[in-house]
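Me: I'd like to go through this model and check the label behind each claim. Can we start with what sits around the ligand?

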Amino acid sequence: MCGIVAVIGSREAAPLLLEGLRQLEYRGYDSAGLATVKSLEGEDVGTLTCKRAKGKLKNLSSLVSNQAAPGHLGIGHTRWATHGKPEECNAHPHRDSSGRIAVVQNGIIENHRALRKELEAAGVIFTSETDTEVIPHLIARELKPFLIRGASASGAVLLEAVQKVSKQLKGAFALAVVWADTPDALVVASRQAPLVIGLGEGEFLCASDTPALVGFTRTILPMEDGEVALLTPLGIELYNAKGTRQQRIPSLLRGGDHLVDKRNFRHFMLKEIHEQPETAELWVERHLPAGLPVESPVALPFDESFYSGIERIQILACGTSRHSAMVGAYLLEQFAGVPTSVFYASEFRYAAPPLAPNTLTIGVTQSGETADTLAALRMEAQRRDEHGDPAFASRQLGVTNRPESSLSRLVPNILDIGAGIEVGVAATKTFLAQMLAFYGLALTFAARRKSRSSDEIRELTEGLRSVPNQLRTLVQTHDELSESLAHRFADTQDVIFLGRGINYPIALEGALKLKEISYIHAEGYPAGEMKHGPIALLDPRVPVISIAMPGVVFEKVLSNAQEAKARDAQLIGVAPEAPGTEIFDALMPLPEVSEWISPLLSVVPMQLLSYHIAAHRGLDVDQPRNLAKSVTVE
Ligand code: M6R
């Protein structure tokens with residue numbers, strides 16, 4: 001979590017830093033800060049100015065507009081608190097005791113306690129509770145011998161100090177460092193945390209993610225694991241973890257990586273919900289072009305060797321991505337006949353099942369940066385490599401919306417879900433796009449394994465082609481309907497979501513959406529499980545939202561809903577206007593589609609209802625409390 005941005009160039013750094021941070025605010029918004037170094041000729045050359053503010057970036061912006069932060073060199077940070085409360089004293093940048101070295105960091109310094117103890121024993125006084133603060137003090141300690149020798153400060157000296165300090169740090173981190181004595185040097189380092197260098201005109205930038213760069217340059221150089229770089233007005237020196245100079249050709253950012261813009265929508269989340277028909281349309285165009293043979297019904301970027309010999313699949317993911325993985329597992333098992341398991345990545349890391357042969361491991365992560373998912377994939381690849389038997393060899397696929405992310409440097413195959421940048425912390429269009437990716441995989445496996453007839457494959461493919469238009473109608477009608485239903489939830493404290501089969505993950509997703517943006521307690525259950533305990537929660541104050549789509553469990557779900565109604569719960573149905581659905585107190589109608597397709601549609605009322613409930617309560621829908629879009633800490 002946290003976003004870093006840094007710049008060295010020929011224009012004032014502070015406005016660039018603030019604009020870059022604005023694009024990174026989705027990574028955290030507990031506090032923000034920046035430090036600049038005055039680098040032009042003049043009396044106050046080498047002055048380091050640091051500004052920090054608790055809360056959202058707007059607080060820092062108003063501080064900076066009232067009190068100047070001059071300099072052409074600077075670093076900035078937007079924070080998601082890990083160590084220490086979201087207070088100004090814990091906001092980055094952190095400085096050494098002289099106030100001349102400033103550091104911003106994204107990640108966790110795992111051995112910070114030991115380092116802090118060591119520094120305190122040497123007389124250092126800490127001013128924050130953060131893990132990061134050890135870094136400027138350690139850099140100062142490394143620089144001391146240079147200064148005592150009377151050596152002149154230079155970028156090379158700062159670079160060497162940062163390289164030495166990096167070796168003392170345990171954990172995953174990205175950092176940017178400035179030193180008032182070297183106004184022409186910016187040092188950045190990345191270990192298992194994203195950092196991308198941008199090559200602008202007369203300036204170099206560095207940021208945790210590309211949206212912070214696109215306003216300034218499209219030429220980028222993503223840093224690799226363990227690299228440290230020195231940026232000066234003249235160029236970039238890049239070194240690997242062993243200190244060997246690296247030469248790499250920069251790449252160009254893709255057209256889709258645009259600056260974030262709400263258009264005319266009140267919130268990014270609402271805009272992104274409304275973008276879903278387009279997301280699905282794009283997916284159909286790319287992956288279901290006309291004329292594909294039934295034996296290979298989906299255009300996917302993999303060759304024969306990718307599929308050969310796969311006997312089972314395991315999927316690792318967190319949060320909403322895990323819910324899409326559950327829909328995927330249902331399709332892969334029930335439609336394509338491939339045994340598939342889904343794991344919380346954070347659990348898998350410490351309790352992985354015994355190794356099975358011929359297994360494809362899929363990591364699903366919208367951001368491609370989720371620390372738990374990346375670590376689980378890394379761990380799984382390592383234990384398979386150590387096994388030695390080719391049948392157990394690591395075979396991995398990453399499903400992501402950010403093909404340029406850390407995930408792509410970890411796994412050999414990437415499936416880009418192509419949903420475009422998603423800014424709202426609550427995932428919506430990327431959830432849809434992740435599910436679509438699994439439809440593509442399930443159809444492909446079913447066709448290759450001949451586990452479904454040609455007619456069944458054609459039927460599902462045709463069903464998918466209709467989804468963009470169905471979504472178009474649904475988004476419009478349910479936006480109004482959800483808004484009118486939202487007022488019923490004014491005093492609601494608990495909501496139950498029920499689903500079964502392929503729609504059980506949608507019940508989980510509905511509950512997660514409501515929790516994260518409206519702060520209402522919500523639980524998703526498989527509808528048949530209610531009677532085993534959760535039904536005790538029901539009374540007239542607890543709304544039950546039940547997804548009932550015609551198919552194998554339709555009647556069962558209606559009976560489960562009936563059981564809730566008998567306990568006076570308010571029943572809201574997400575179902576077609578079909579016989580049996582009159583039991584619902586309110587109906588959020590869906591078209592009658594095949595059960596296989598239904599999650600792609602049933603999720604829309606969940607998203608819109610959560611959105612309108614949160615908006616009705618006047619909450620910050622796009623940046624809910626305590627959350628961040630990309631969770632880069634374990
Ligand atoms: O980037 P990822 O898909 O790996 O993120 C995983 C979760 O952190 C994410 O889905 C989270 O649950 C969202 N806030 C859901 O809306």
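Reply: Sure. The shell around the ligand has six nonpolar, seven polar and two charged residues. In that tally Ala, Val, Leu, Ile, Met, Phe, Trp, Tyr, Cys and Pro count as nonpolar, Asp, Glu, Lys and Arg as charged, and the others, Gly among them, as polar. Keep in mind that this is a predicted model, where local features need pLDDT of at least 70, side-chain atom pairs count only at pLDDT 80 or more, and totals for chains, interfaces and linings use all residues. Residues are numbered from 1 along each chain as its sequence is written, and side-chain values use heavy atoms, with hydrogens and water left out.

Me: What makes a residue count as near the ligand, and which come nearest?

Reply: One of its heavy atoms has to lie within 4 Å of the molecule. There are 15 residues around the ligand, and Ser 321, Thr 365, Ser 367, Thr 370 and Glu 516 come nearest. Helices H9 (319-335) and H15 (504-518) each supply at least two residues of this shell; helices here are DSSP runs of H or I with at least four residues, strands are E runs of at least two, and both are numbered from the N terminus.

Me: Why is the pair between Gln 366 and the ligand called a polar contact?

Reply: The term asks for a pair of N or O atoms within 3.5 Å; within protein, one must also be able to donate a hydrogen and the other to accept it, and residues adjacent in sequence count only if both atoms are side-chain atoms. A backbone N or O atom of Gln 366 is 2.7 Å from a ligand oxygen atom, so the pair meets the cut-off. Ala 427 does likewise through a backbone N or O atom, at 2.8 Å from an oxygen atom of the ligand, and for Thr 320 the backbone distance to a ligand oxygen is 3.0 Å.

Me: What is the space taken by the ligand?

Reply: That space is the largest pocket. A molecule sits in a pocket if more than half of its atoms lie within 2 Å of the pocket's grid points. The lining of this pocket has 24 residues, with Gly 319, Thr 320, Glu 516, Ala 628 and Val 631 nearest its centre.

Me: What makes it a pocket rather than a cavity?

Reply: On a 1 Å grid over the protein atoms alone, a cavity is a set of points where a 1.4 Å probe fits but cannot get out, whereas a pocket is an open set with protein on both sides within 12 Å along at least five of seven lines; lining residues have an atom within 4 Å of a point.
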